[in-house]
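Please look over the sequence and the model below before reading on. The paragraphs that follow take up the cysteines, then the strands and helices.

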Amino acid sequence: MYIVPEAAIAGLMTREDAFRAVEAVFASMARGTARNFPVIREAIGHADALYGFKSGFDRESLALGLKSGGFWPGNAARGLTNHQSSILLFDADTGQIKAVIGGNLLTALRTAAASAVSIRHLARADAEVIGMIGAGHQAPFQLRAALEQRRFRRVLGWNRDASKLAKLAAVAEEFGLPFKAASPDRLGAESDVIVTILSSFAPVLTAAQVRPGTHLACMGTDTSGKQEVGADLVAAATLFTDEVAQAVTIGECQHAVAQGLVAADDITPLGQVIEGRHPGRRSADEITLFDGTGVGLQDIAIAAKTLENAIRQKVVVEV
Ligand code: NAD
């Protein structure tokens, strides 16, 4: 079996590889050849930790595996990342373990790739202003991947703690773009694309603050009770997601569904757009919203590509 340690991942996975792996697996999900299995997430009653598994199988690529990990709130005090994860890949023919792969950086890259795929397929072609809501660990990854999807001319950002916005300003500078801190009102009024990446339990943006034609990628809500945007905004948008079953239970759509404003049938898997079975955006005035809940197949797809790159570059440990 192979081991690809966390420290080796940065040299093995590019944003482009991550984008292609995630786009391909969303398409496989839409064709019905790749399937996510039910998610397990439990409070373990120790260290305040939430621990779980996300798993799935892609019958086309034969990628089979799981991501195991969760959230350890005390880690930061130990100089460690609070979110910890590892990905296991198995041989689909025999069930034997194939690889153990560090999952922390890959989680950030695959999550950023998901919103980037949504921007590529759903944002207006003439989008110029991107608004970032949130400036935590995931946010710079989100911004980098998003900026590659359109010819953006400026970046706006909002975060509860404004001092953290410097991280986003630095990413904008990497791309030679101006960055401005903005209130949710201003950000909503001026942005063509908005990425939300918060661990919030109340909406920060509502329908009245967002202008027609905006594309939103709501990426932070991945648990029951979390919320980034108002149910009215979800109801006003044409809805897309990675996995409908997750969108209605743990995703941004959960609140609008609970209030009877939208139903599962109103939400289209993004893979259907990638596959050309759904037109995606139909007009320049439409608000599109991608509810990125995070699926195991994203982790498995990016891990499989990482393993391929690691073997080719001979930076893999074989035991
Ligand atoms: P983080 O802890 O580093 O950052 C959290 C962000 O949320 C910060 O910007 C913080 O200011 C903001 N925030 C927290 N509470 C808030 C509140 N009550 N109101 C407004 N803002 C608030 O977390 P992170 O690693 O950047 O992750 C952000 C979110 O993305 C988390 O909810 C995480 O679970 C989720 N996530 C989703 C996926 C996916 O696939 N969809 C993958 C990874 C992480």
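How many disulfides does the count come to? In this predicted model, the count comes to 0 disulfides, and the reasoning can be followed at C218, whose sulfur has its closest cysteine sulfur in C253, at 8.3 Å, which is too far for a bond because a disulfide requires the two sulfur atoms to be within 2.5 Å. Seen from the other partner, C253 is likewise in no disulfide, the nearest cysteine sulfur being that of C218. As for their surroundings, C218 is buried, with a relative accessible area of 0%, and C253 is also buried, again with a relative accessible area of 0%.

From the cysteines we turn to the parallel sheet. It is an open sheet of 8 strands, paired in the parallel sense, and its order reads β10-β9-β8-β11-β13-β17-β15-β16. The edges are formed by β10 and β16 (267-269), each of which pairs on one side only, and from one strand to the next the twist averages 20°. Toward the β16 end of that order, strand β15 (residues 238-241) pairs with strand β17 (residues 288-291) in the parallel sense over 4 bridges, and within this pairing T241 has D291 of β17 as its bridge partner.

At the other end of the order, strand β9 (residues 154-158) deserves a slower look. Is this strand largely enclosed by the rest of the structure, or is it open? Because 4 of its 5 residues are buried, β9 is largely enclosed by the rest of the structure. On one side β9 pairs in the parallel sense with strand β8 (residues 129-133), over 5 bridges, and I133 has W158 in β9 as its bridge partner. The chain reaches β9 from β8 by way of helix α4 (residues 139-147), and this β-α-β crossover is right-handed. β9 is also joined by 3 bridges to strand β10 (residues 179-181), the two running parallel, and here the bridge partner of V155 is F179 in β10. Together with helix α5 (residues 166-174), β9 and β10 make up a right-handed β-α-β unit.

The helices of these two units can then be considered as a pair. Two packed helices are described by the angle between their axes and by the distance between those axes. For α4 and α5 the angle is about 25°, and the axes lie 9 Å apart. Since angles under 35 degrees count as roughly parallel, α4 is therefore roughly parallel to α5. The crossing in which α4 passes α5 is right-handed.

Antiparallel pairing is found among strands β5, β6 and β7. Strand β5 (residues 63-71) is joined by 8 bridges to strand β6 (residues 83-90), and the two run antiparallel; in this pairing, L64 has F90 of β6 as its bridge partner. β6 is in turn joined by 5 bridges to strand β7 (residues 97-102), also in the antiparallel sense, with I87 standing opposite I101 in β7. β6 and β7 form a hairpin with 6 residues between them, and in its turn G95 has a positive phi of about 80°.

One residue remains to be placed. E16 lies in helix α2 (residues 15-31), and because its relative accessibility is 48%, E16 counts as partly exposed. Along the chain E16 and G69 are 53 residues apart, and their C-alpha atoms are separated by 25 Å.

Technical notes
Residues are numbered from 1 along each chain as its sequence is written. This is a predicted model: local features need pLDDT of at least 70, side-chain atom pairs count only at pLDDT 80 or more; totals for chains, interfaces and linings use all residues. Side-chain values use heavy atoms; hydrogens and water are left out. Buried means under 20% relative accessible area, exposed over 50%, partly exposed in between (1.4 Å probe, protein chains only). Two strands pair if DSSP finds at least two bridges between them. A crossover is right-handed if, with the strands pointing away from the viewer, the path from the first strand over the helix to the second runs clockwise. Axes are lines fitted to C-alpha atoms, for helices over the stretch in contact, and angles run from 0 to 180 degrees between N-to-C directions. Angles under 35 degrees count as roughly parallel, over 145 as roughly antiparallel, 65 to 115 as roughly perpendicular and the rest as oblique. A crossing is left-handed if the near helix is turned anticlockwise from the far one by less than a right angle, and right-handed if clockwise.
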